[in-house]
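Hi everyone, thanks for making time this morning. I'd like to walk you through one structure, so let me put it up on the screen.

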There are 2 protein chains.
Amino acid sequence: MNRTERSRIKRAPKRGYYDRETIFRILDAGQICHIGFIHHNKPVVIPTIYGRSNDKLYIHGAAISRLIAVLEKGIDISLSVAHVDGLVLARSAFHHSMNYRSVVVFGKAKPVADADKTDALKIISDHLISGRWDEVRKPNTKELKATKVLEIEIDEASAKIRTGGPVDDKEDYDSDIWAGEIPLKITALNPVDDKKLVAGIEVPDSVRNYYP
Amino acid sequence: MNRTERSRIKRAPKRGYYDRETIFRILDAGQICHIGFIHHNKPVVIPTIYGRSNDKLYIHGAAISRLIAVLEKGIDISLSVAHVDGLVLARSAFHHSMNYRSVVVFGKAKPVADADKTDALKIISDHLISGRWDEVRKPNTKELKATKVLEIEIDEASAKIRTGGPVDDKEDYDSDIWAGEIPLKITALNPVDDKKLVAGIEVPDSVRNYYP
């Protein structure tokens with residue numbers, strides 16, 4: 001990825017990564033991103049779902065939504081995806097930390113052409129739950145018209161990762177204060193049938209495969 | 001909370017909440033926030049940890065960090081905390097959704113005075129893991145000097161919440177497509193002792209109490 005002054009990791013530079021593989025892996029593991037943009041000269045941050053294909057991210061929204069109307073003009077955006085992997089508990093307050101994987105992307109959004117809209121929506125759907133798209137009723141003309149999809153080319157991006165246990169000052173290691181990590185992860189609980197589900201319909205492959 | 005044109009929920013207004021209790025509950029359940037600000041005329045979004053006390057949020061960073069240097073000037077910021085509670089799987093692609101709780105805050109950051117820095121750091125620490133602060137070595141003068149803490153008054157804010165199963169079009173309910181929800185939650189795995197932990201030190205109360 002382009003490594004500009006803006007996207008260079010300045011604090012804790014050894015935690016910085018700029019290769020596509022690392023950046024894509026972190027993006028692909030996320031469920032929501034946070035998009036930052038300027039509206040009426042003020043910053044706005046909004047969470048939204050997304051998908052990725054090669055160097056492009058896709059977001060969508062109601063054709064009449066404010067977010068989409070503002071972004072589709074091709075203004076600058078910043079986009080962040082962050083995973084919290086654990087609390088890092090040191091012997092000193094100062095060295096407490098967090099294990100995480102995060103990516104910050106800079107770019108511009110532009111509308112996806114009508115002809116490519118269905119493909120882009122499938123990318124977002126596959127991102128959230130692989131295979132689901134093929135099981136459901138596809139968008140009809142009215143639904144497609146009510147939906148806008150934007151494409152963001154990932155040009156400038158950087159990742160930041162912290163792993164491992166706490167790092168304390170030498171003189172604190174002999175203390176009787178406990179130190180270690182509380183690992184955190186997102187867990188999927190058992191699927192819940194819709195109350196109005198027709199009797200006898202089994203949980204489909206996409207849902208079964210969602211569980212490790 | 002103030003309910004201005006900017007923070008009013010425009011899409012799906014029935015999902016919007018503006019009361020302190022709801023907004024604080026969502027903020028308090030978060031581990032990281034995403035802060036958006038304008039730097040060199042471009043939007044930047046960065047994830048960071050935070051704490052809350054009454055109407056104020058606190059963030060911190062190295063005194064020499066770029067984020068802190070930019071924000072402490074009192075520029076406008078937008079801050080978002082979002083929890084993903086589940087994937088909502090409808091019979092139609094169009095009605096797929098997500099269960100979530102999110103808050104967007106608008107405000108300005110300002111530096112916390114040196115005299116209040118320790119209290120503010122305790123608020124951030126307590127936010128991540130209650131009671132930990134009282135167990136560890138407190139920051140010394142050098143560490144306090146190396147840390148800046150910023151305070152953001154929550155003036156304008158809104159919450160957005162979606163719960164429940166999918167809502168499909170009438171004509172899709174008879175279909176044999178499965179519909180329902182995959183609930184998601186953040187789980188804490190068992191605590192991991194630091195490799196250099198002095199033998200015989202037990203997991204402390206703060207860590208034990210972290211688990212439900």
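Let's begin in the middle. The largest nonpolar core has 111 residues, and the members that touch the most others are A:Tyr58, A:Val103 and A:Leu150, along with B:Tyr58, B:Val103 and B:Leu150. Please keep in mind that this is a predicted model. As a general point, nonpolar side chains in soluble globular proteins tend to be buried together.

Take A:Leu150 from that list. Setting aside neighbours within four places in sequence, A:Leu150 is in contact with A:Tyr58, A:Ile59, A:Ile68, A:Leu71 and A:Glu72, and also with A:Ala109, A:Lys110, A:Pro111 and A:Val112.

Now over to a pair of strands. Strand β2 of chain A, residues 32-39, runs antiparallel to β3(A), and eight bridges join them. One of the pairings puts A:His34 opposite A:Pro47 of β3(A) as its bridge partner. The two strands make a hairpin with two residues between them, and in the turn A:His40 has a positive phi of about 50°.

Why is strand β3 of chain A, residues 42-49, largely enclosed by the rest of the structure? Because seven of its eight residues are buried.

Finally, how do the chains relate? A turn of 180°, with a shift of 0.0 Å along the axis, lays chain A on chain B with an RMSD of 0.0 Å. The two copies are therefore related as by a two-fold rotation axis. In chain A, the C-alpha nearest that axis belongs to A:Ile186, 2.2 Å from it. And since 100% of the interface residues of chain A are also interface residues in chain B, the copies meet through the same surface.

Key:
Residues are numbered from 1 along each chain as its sequence is written. Chains are lettered from A and ligands numbered from 1 in the order in which they are written. This is a predicted model: local features need pLDDT of at least 70, side-chain atom pairs count only at pLDDT 80 or more; totals for chains, interfaces and linings use all residues. A residue is buried if 20 or more other C-beta atoms lie within 10 Å of its own, exposed if 12 or fewer, and partly exposed in between; C-beta atoms are placed from the backbone. Helices (H or I, at least four residues) and strands (E, at least two) are DSSP runs, numbered from the N terminus. Two strands pair if DSSP finds at least two bridges between them. Copies are superposed by least squares on the C-alpha atoms of residues with pLDDT of at least 70 in both. Two residues are in contact if their C-beta atoms, placed from the backbone, lie within 7 Å. A nonpolar core is a set of buried Ala, Val, Leu, Ile, Met, Phe, Trp, Tyr and Cys residues joined through C-beta atoms within 7 Å.
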